[in-house]
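This report describes one protein chain, moving from its overall make-up to its sheet, its helices and its charged side chains. Please read it alongside the sequence and the structure.

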Amino acid sequence: MKKKIKLPILLLAVVIMLSIFYVKEANKETNTTPTNGTEYEETSLNPEFTEARILNIQETNAEIQKLEDQIACGNLSALKVSELTTQIEALKEINHKEVSLEEAIIDSKKYADVLVLYEEDGVVIGVYTAETVSTSDFIDIVKLARNGFGSSCKVTLNTVDDKD
């Protein structure tokens, strides 16, 4: 019984930690400067990317919870439980790869914000920058994505700036 309770609590803790991480990152990179007696806040994080990350985490956790509920019902064969457990681990691994790729791209290319979402037909990467992504930067990003998700992975790169 304790084993069944630990996994949902662990997943909830992971979601909370990621949320806290993104909030702290947003606060860390926020500048408040008075201009003509008023204040404005500027952050390098794209709010749409942050919302998409949170939605992606929630969807992944809902899928994991659904699989765990199937396992917890106790009516499954050992083979089916093993298959569901493998699916759960695959979902967690994909989430980890997405976050790792975001961090690698930000570290190597110094973009303000990056969003990586794994889909069935490939990886979609959103880059928050006012500059045009050069061909060499695109190639480097594709290499990073294929190192994480496999050499045959299709990579789609979208750029977003304040004008969009």
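The paragraphs below take the chain as a whole and then turn to its parts.

**Overall make-up**

The coordinates come from a predicted model, and every value in this report is computed from that model. Four helices and five strands make up the secondary structure of the chain. Their order along the sequence is α-β-β-α-α-β-β-α-β. Of the 164 residues, 28% count as buried. The accessible surface of the chain amounts to about 10,800 Å², and carbon and sulfur atoms account for 56% of that area. When contacts between residues at least 6 apart in sequence are considered, 57% of them join residues at least 24 apart.

**The sheet**

Three strands build an open sheet of mixed pairing, in the order 3-4-5. Its edges are strand 3 (113-119) and strand 5 (155-160), each of which pairs on one side only. From one strand to the next, the twist averages 15°.

In general, the strands of a sheet pair through backbone hydrogen bonds, either parallel or antiparallel. Here, strand 3 and strand 4 run antiparallel and are joined by seven bridges; the two form a hairpin with two residues between them. Strand 4 (residues 122-128) runs parallel to strand 5, with six bridges joining the pair. Individual bridge partners show how these pairings are aligned. L117 has V124 of strand 4 as its bridge partner, and V124 in turn is partnered by T156 in strand 5. V123 is likewise matched with V155 of strand 5.

Helix 2 packs on the sheet, where it touches strand 3, strand 4 and strand 5, and its direction makes about 35° with that of strand 3. Helix 3 (residues 78-109) also packs on the sheet; it touches strand 3 and strand 4, and its direction makes about 150° with that of strand 3. Strand 4 is mostly covered, with six of its seven residues buried.

**Residues of helix 2**

Two residues of helix 2 (residues 47-72) illustrate different settings. N56 lies in this helix and touches E98 and L117, leaving aside residues up to four places away in sequence. N56 counts as buried because its relative accessibility, 16%, is under the 20% cut-off. E48 is also part of helix 2, but it counts as exposed, since its relative accessibility of 52% is over 50%. The C-alpha atoms of E48 and L115 are separated by 9.5 Å, although the two residues are 67 residues apart along the chain.

**Salt bridges**

How many salt bridges does the structure hold? There are six, and three of them are listed here.

| Salt bridge | Closest N and O atoms |
|---|---|
| R53 and E102 | 3.1 Å |
| R53 and D113 | 2.6 Å |
| K92 and E89 | 3.9 Å |

The pair of R53 and E102 links distant parts of the chain: R53 is in helix 2 and E102 in helix 3, 49 residues apart. Both R53 and E102 are buried. The pair of R53 and D113 also links distant parts, from helix 2 to strand 3, with 60 residues of separation along the chain. R53 has a relative accessible area of 4% and is therefore buried. D113 is buried as well, because its relative accessible area is 2%.

The salt bridge between K92 and E89 has another setting. Both residues lie in helix 3, three residues apart, or about one turn of the helix. K92 counts as partly exposed, with a relative accessibility of 24%, and E89 counts as partly exposed at 45%. Salt bridges with shared partners join R53, E102 and D113 into one network.

**A nonpolar surface patch**

Which residues form a nonpolar patch on the surface? The patch consists of L10, V14 and M17, which together have about 280 Å² of accessible area. L10 belongs to helix 1 (residues 2-28). L10 is partly exposed, with a relative accessible area of 47%.

Notes. Residues are numbered from 1 along each chain as its sequence is written. This is a predicted model: local features need pLDDT of at least 70, side-chain atom pairs count only at pLDDT 80 or more; totals for chains, interfaces and linings use all residues. Side-chain values use heavy atoms; hydrogens and water are left out. Patches are made of residues with over 30% relative accessible area and no salt bridge: like charges are joined within 9 Å, nonpolar side chains (Val, Leu, Ile, Met, Phe, Trp, Tyr) within 5 Å. Accessible areas come from the Shrake-Rupley method with a 1.4 Å probe; for residues, only the protein chains shown count as cover. A salt bridge is a side-chain nitrogen of Lys or Arg within 4 Å of a carboxyl oxygen of Asp or Glu. Buried means under 20% relative accessible area, exposed over 50%, partly exposed in between (1.4 Å probe, protein chains only). Contact means heavy atoms within 4.5 Å. Two strands pair if DSSP finds at least two bridges between them. Axes are lines fitted to C-alpha atoms, for helices over the stretch in contact, and angles run from 0 to 180 degrees between N-to-C directions.
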